[in-house]
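Reader: I'm new to this one, so could you take me on a close look at a single part? I'd like to hear about the enclosed spaces inside and what surrounds them.

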Amino acid sequence: MPTVTFDKKEQTIEVNTGTLLIDAVRKAGLSVDAPCGGRGTCGKCRTLILTGSQTGPRLSCQFLVTEDILVQLADHQSSGQILETGTSPNSGFSLKADSPESSPVLVECMAAIPKSTLDEAVSDCRLVKRALGKQVQIPLSLASTLRRTLQSVDYRGSFVLCLDRLLAIRKESSPCYVLAFDIGTTTIVSYLLNAGTGQEVAVSSMLNPQTAYGADVISRCEYAVSHKEKTLTGLVRSALCTLARENAKKAGVSMEDIYFALAAGNTCMQHLYLGISPDSLIQAPYTATVDELQLLPASSLGLPIHPLAETAVLPSIAGFVGGDTVAVLLSLPKDTFSRLTLVLDIGTNGEMVLGKGDVRYTCSTAAGPALEGAKISCGMRGTAGAVDHVFLSESGELSLTTIDGAPPVGICGSGLIDLIRCLLDLKILSPRGHFKKTETWTGEAAARYGRRLVKRDGITAFLLTDGEDGLFLSQKDVREVQLAKSAIAVGIELLCRRMEVLPDDIETVLLAGAFGNYMTPESACRIGLIPPSLSDRIFGIGNAAGTGAKLAALDRKLLEKSRLLAQNTKFLELASSREFQTAYISHLNF
């Protein structure tokens with residue numbers, strides 16, 4: 001059997017002859033980008049073969065291992081800048097600060113349990129319920145050892161209840177903890193919270209390991225349906241376990257002191273986490289198999305916290321609009337929809353909610369991964385060295401910034417939007433998305449940037465940075481952005497039609513998620529991603545899904561509210577809409 005050795009990782013594995021290199025990378029537990037799901041079309045899984053008969057750069061999803069090789073993976077493939085927080089102090093908009101009087105999910109109380117007497121033969125379970133409240137449920141696994149447990153604490157101690165279910169009896173009072181997970185298509189964030197105070201004591205995050213099987217939810221659905229071994233379910237469950245342990249280690253907390261966990265993600269992510277095939281999501285009429293609030297033992301999901309701990313998965317609304325959108329709604333102040341408000345989470349799957357008063361409509365649009373750097377020639381995620389902003393300086397020079405101030409190695413979504421805006425302003429790019437011939441450029445633009453219009457693999461491209469290997473934006477990349485931005489723009493337009501309002505009537509636009517947090521609103525409006533008239537009404541609200549998940553993990557009233565939000569938010573299906581197809585074409589131009 002040939003071996004694959006990973007340079008810098010100092011790791012060697014054996015594989016069967018003819019194994020795809022990408023499968024070898026996965027077998028080694030290493031990360032590799034494959035936005036196209038391994039179809040060989042995106043070029044992001046490119047690796048460098050250092051030894052063997054076929055040295056040089058190769059696509060790992062197309063390269064067959066037939067001999068011992070040494071491989072170098074791209075450094076920037078394994079990490080990203082992950083948004084863990086809600087609104088920034090300068091955003092001008094605050095997330096929920098007006099929660100109703102708390103009704104904790106997890107309760108710890110000190111109690112003394114009277115002993116049974118000969119005069120009144122009462123079971124141990126009934127005695128405990130009398131002391132704690134008749135609504136308390138005692139699981140059989142705890143009831144079976146209840147007498148010994150009560151004797152060990154001399155019938156007086158700390159009782160831990162989760163949603164009225166007794167989970168533990170302890171001799172002394174000590175802090176109890178809950179976990180909240182935001183399971184994004186690209187990233188996963190985990191929060192550890194003190195159940196008594198609500199304080200966030202640790203936060204950890206990572207790239208969703210499922211990205212090795214496709215950048216978007218459709219690719220994941222198709223892989224999960226065609227491969228029955230539930231690989232993607234195992235990956236996301238393992239990721240949550242890793243993050244839970246990492247949080248516990250950071251906070252110096254025992255895993256057994258974590259009694260409740262809550263997860264929120266889009267409908268596909270939640271299906272995969274629960275181990276349910278997402279096949280219904282990619283077949284007409286594109287409905288979920290499960291959409292209600294789920295409460296189940298944490299152990300059934302492989303989460304290594306307290307043995308009797310509970311896990312909740314927030315309800316989905318419809319289609320791909322899942323628990324993460326419900327979590328975003330939970331994070332908002334109660335008066336948010338007193339004004340006509342658009343809530344927009346732009347990612348590989350763009351979810352949006354438009355509402356006023358008690359009326360809310362929602363939809364999701366398959367924007368694709370272009371706005372997160374995938375399907376773009378020099379695109380990458382937001383990590384060190386990614387061009388995150390492009391602008392015209394006071395002298396008219398095209399300038400850029402990178403994450404962490406590192407040398408530029410790629411362009412992430414926010415930088416991509418900025419770059420197109422600048423090229424439109426310079427009239428190098430036409431409203432139809434075509435690079436103009438240099439002889440038609442204005443004199444100053446031609447003098448400064450004429451040499452930057454080049455050919456890359458036979459396609460017209462604009463060089464952003466100098467050199468033969470400089471970063472560039474190709475005509476094909478521009479088209480990808482047009483397709484993505486049109487999908488978002490059409491979603492907004494059709495929600496407005498359903499609400500019988502005009503886009504100009506929208507009073508507030510709330511941008512959730514990483515892309516919305518780092519994107520320049522003026523650039524988004526300039527290219528038509530968001531209606532231009534709304535440029536001064538846009539507020540970033542950060543990882544609102546994570547904020548909502550944290551709130552729901554602490555408050556049972558919000559858990560119940562999640563059901564009502566999901567039931568009372570009306571869904572607009574775009575996949576089969578003729579309106580969508582017509583409007584989509586009209587929004588392609590910048």
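Author: One bit of vocabulary before we go in: Ala, Val, Leu, Ile, Met, Phe, Trp, Tyr, Cys and Pro count as nonpolar, Asp, Glu, Lys and Arg as charged, and the others, Gly among them, as polar. Sorted that way, the lining of the largest cavity comes out as 5 nonpolar, 5 polar and 2 charged residues. Keep in mind that you're looking at a predicted model.

Now for the cavity itself. Its volume is about 60 Å³, and it turned up in a search of the whole structure that finds 2 cavities of 30 Å³ or more. So who's in the lining? Helix 7, residues 267–274, gives the most, with 4 residues. Thr267, Gln270, His271 and Leu274 are among the lining residues. Further along the chain, Val290, Asp291, Glu292 and Gln294 join in, and so do Val313, Leu314, Pro315 and Ser316.

Then there's the second largest cavity, with about 50 Å³ of space. Thr325, Val328, Val343, Leu344, Asp345, Glu351, Met352 and Val353 line that one. Helix 8 (323–331), strand 17 (341–345) and strand 18 (350–356) are the elements that each give two or more residues to this lining. By class, you get 5 nonpolar, 1 polar and 2 charged residues there.

To put the two side by side: the linings hold 5 polar residues in the largest cavity and 1 in the second largest.

Notes: Residues are numbered from 1 along each chain as its sequence is written. This is a predicted model: local features need pLDDT of at least 70, side-chain atom pairs count only at pLDDT 80 or more; totals for chains, interfaces and linings use all residues. Side-chain values use heavy atoms; hydrogens and water are left out. On a 1 Å grid over the protein atoms alone, a cavity is a set of points where a 1.4 Å probe fits but cannot get out, and a pocket is an open set with protein on both sides within 12 Å along at least five of seven lines; lining residues have an atom within 4 Å of a point. Grid points are joined across faces, edges and corners, and a volume is the space filled by probe spheres set on the points.
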